[in-house]
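Visitor: I am new to this structure. Please take one part and look at it closely, then show me how it sits in the whole.

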Amino acid sequence: MEKRVRVRFAPSPTGGLHMGGVRTALFNYLFAKKHGGDFILRIEDTDQTRFVEGAEEYIIKALKWCGIEPNEGVGFGDGPHAPYRQSERKELGIYKTYADKLIASGHAYYAFDTSEELDEMRRRLEAAKVVAPQYNAVTRQNMRNSLTLPEDEVKNLMEGGAKYVIRLNVPRNEEIRFNDIIRGWVTVNSAQVDDKVLLKSDGMPTYHLAHIVDDIEMEISHAVRGEEWLPSAPAHILIYRYLGLEDQMPKLAHLPLILNPDGNGKISKREARFPVFPLSWQDPREATPYIGYKESGYYPEAFVNILALLGWNPGTNEEFFTVDQLAHIFEFERVHKSGAKFDPEKAKWFNQHYLRLKPDAELAEAFKPILKEKGFERDQEFMIQFCKLVKEKVQFVQEFWDHGKYIFIAPQAYDEKVMAKKWNDKSRDIFDAVVAQFEAVKDWQVEEITTHFHNAEAQVGKVDMQLLRVLITGVAGGPQLFDMLALMGKEEVLKRLGTALNKL
RNA sequence: GGCCCGUUCGUCUAGGGGUUAGGACACGUCCCUUUCACGGAUGAAACACGGGUUCGAUUCCCGUACGGGCUACCA
């Protein structure tokens, strides 16, 4: 019988969760949903030196904003496998038990080497032109560990409270083969795998031990993680095997990485000219905060949508998907092997799409504080009409201002290009007629404005609409002209036309 | 350097032994529009290279190049 699908997202709280992490979480979530399984949030806080205040809370908030909520785990309610923080699990002695099992079966050993001794070994090996210095079946013979030291010395060291780590006893030359859901069969020789530290000298497990123990204990069916873990997967296979748990091992899936749009490599928060964090993130150790997608004006729907299409596609020409839709069609078979460069331009396009789907009232609500900041306030009805008018031109709510500010602010100058091209000695008479017609408008609505505009044309000939636009707003572009005039109000429009005709 | 993984338009990608190699973003042109957009149409734009296998390879195999990841008592 197939195991119940249980997957986990297991970040370490060493900083803000960036978009690559969110995508890993997303794929886990989608897979769980598709198969009616569980999605777990586990916090891998085994490195006390890298712990960052606020990171865990950030992760939880970010997942909530994205709408990819775990149904079990830290911040989302304890399930049957609590606690979900590895530091707490360590206190329960869970990892030590497994490490001891490996010691007992001879598949792990104690090592007493200090960090100076390890550095020294690497220097020695580099000097001897060893290309990849590592603690392994060969080099461990020259180091201080329970495989090289006499039994009673090991015993004395242990009883004397000497610092030690527990290392995996990796065989010298053995083919390790595993099947990755996304990559297929991968083969590595154990000579390439070092004797990984399983338990650190502070008693904390390393990732390698901890995630395996927890995946087993939490009955994880699929370990879905980034490609950066592929090289250590063979060591993990060995650990499962030596623990006698190979048959319970989760299936592995290594996701391709999200790459920088320009230049090379993984997305780096420092160099990126676009947001890399879902929510703004302030690292307590750094002065400047990183602005998030949310604060940049992205909708979570847009953010998740673009992420989903990085490294995966449905095989159709469709591109817009809600999380729920994705949960029906997502499959690892359609996940790519190669990394995907992130395209900020396309991300904006996605946001534009979702913005247009928003009701005008919601947009008005969101734009209100921005407008207030600029020193203007209008009633709800005005705001709704304004948003309706301008929304076709923007990708973000904050752009309502740039694309519509001339509705609030009378022009100081008039677009020179348009004026030079279109203003001539007949213009004054023409616009005098327009003014006269506008003054006669009783009900200042689009329909009547249009009628009176046509009346003016009947009297003086064709009126250049772009010129009219420039006289009123100062700029050559903008929303639908008569709609805009209706919104601005008769008084304002006539005032502006008066000013313009005076100046020219 | 070593090991592992990868490589279709600038970018995200579809496809797959015989196709005019399809779509999307961005870009160009046109249409619609008495203004501005939306929209519609259209254009330019790709199978990294070299060997095999095959009647035929972009597709399968092998090399090369290039890119990425890893190479810690970090995850």
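Guide: We start with one helix, then move out to the cores, the whole chain and the charged pairs. Keep in mind that this is a predicted model.

The part is helix α16, residues 427–439. Does its length fit its residue count, or not? At 1.5 Å a residue, its 13 residues should span 18 Å, and the end C-alpha atoms are 18 Å apart, so the two agree.

Now look at what is hidden. Ser427, Ile430, Phe431, Ala433, Val434, Val435, Gln437 and Phe438 of α16 are buried. What covers them? The cover includes helices α15 (416–422) and α17 (446–460). It also includes α18 (465–473), α19 (481–488) and α20 (490–503).

Phe438 leads us onward. The largest nonpolar core has 121 residues, and Phe438 is among the four that touch the most other members. The others of that four are Phe342, Phe386 and Phe400. Helix α1 (residues 19–34) gives this core its largest share, nine residues. A second, separate core holds 38 residues, including Tyr98, Ile166, Ile176 and Leu209.

Take Phe342 next. Set aside its neighbours within four places in sequence. Phe342 is then in contact with Met19, Ile258, Leu259, Pro261 and Ile267, among others. Its list also includes Phe274, Tyr293, Ile306, Leu310 and Ala347.

Step back to the whole chain. Chain A has 20 helices and twelve strands. Of its 504 residues, 52% count as buried. Its C-alpha atoms fill a box of roughly 110 × 55 × 35 Å along the principal axes. A compact globule of 504 residues would have a radius of gyration near 23 Å, but chain A has 32 Å. Consider the contacts in chain A with a separation of 6 or more: residues 24 or more positions apart account for 72% of them. The accessible surface comes to about 24,300 Å², and carbon and sulfur atoms hold 49% of it.

Now the charges. Side chains of opposite charge can pair when their charged atoms come close. The whole structure has 35 salt bridges. In one of them, the side chains of Glu72 and Arg6 meet at 3.0 Å, N to O. Glu72 lies in strand β3 (residues 72–73) and Arg6 in strand β1 (residues 6–9), so the pair ties together parts 66 residues apart in sequence. Are these two buried or exposed? Glu72 counts as buried because its relative accessibility is 5%. Arg6 is buried too, at 6%.

Another pair is Lys348 and Glu345, with their closest N and O atoms 3.3 Å apart. They are three residues apart in helix α11 (residues 344–357), so about one helical turn separates them. Lys348 counts as partly exposed, at 27% relative accessibility. Glu345 is exposed, at 51%.

Asp194 and Lys196 also form a salt bridge, at 2.7 Å, N to O. Asp194 is partly exposed, with a relative accessible area of 22%, whereas Lys196 is buried at 16%. Elsewhere, salt bridges form a network that links Arg8, Arg42, Glu44, Arg89, Asp214 and Asp215.

One last stop is Thr46. Thr46 sits in the loop between β2 (38–41) and α2 (55–66). At 7% relative accessibility, Thr46 counts as buried. Leaving out residues up to four places away in sequence, Thr46 touches Gln86, Lys200, Met204, Pro205 and Ala210.

Definitions and conventions. Residues numbered from 1 in each chain as written. Chains lettered and ligands numbered in written order. Predicted model: local features only at pLDDT ≥ 70, side-chain atom pairs only at ≥ 80, totals over all residues. Heavy atoms only, no water. Helix = DSSP H or I, 4+ residues; strand = E, 2+ residues; numbered from the N terminus. Expected span 1.5 Å × (residues − 1). Buried < 20%, exposed > 50% of the residue type's maximum accessible area, 1.4 Å probe, protein only. Contact = heavy atoms within 4.5 Å. Core = buried A, V, L, I, M, F, W, Y, C linked by side-chain atoms within 4.5 Å. Rg over C-alpha atoms; globule rule 2.2 N^0.38 Å. Areas by Shrake-Rupley, 256 points an atom, 1.4 Å probe, with all protein chains shown as cover. Salt bridge = Lys/Arg side-chain N within 4 Å of Asp/Glu carboxyl O.
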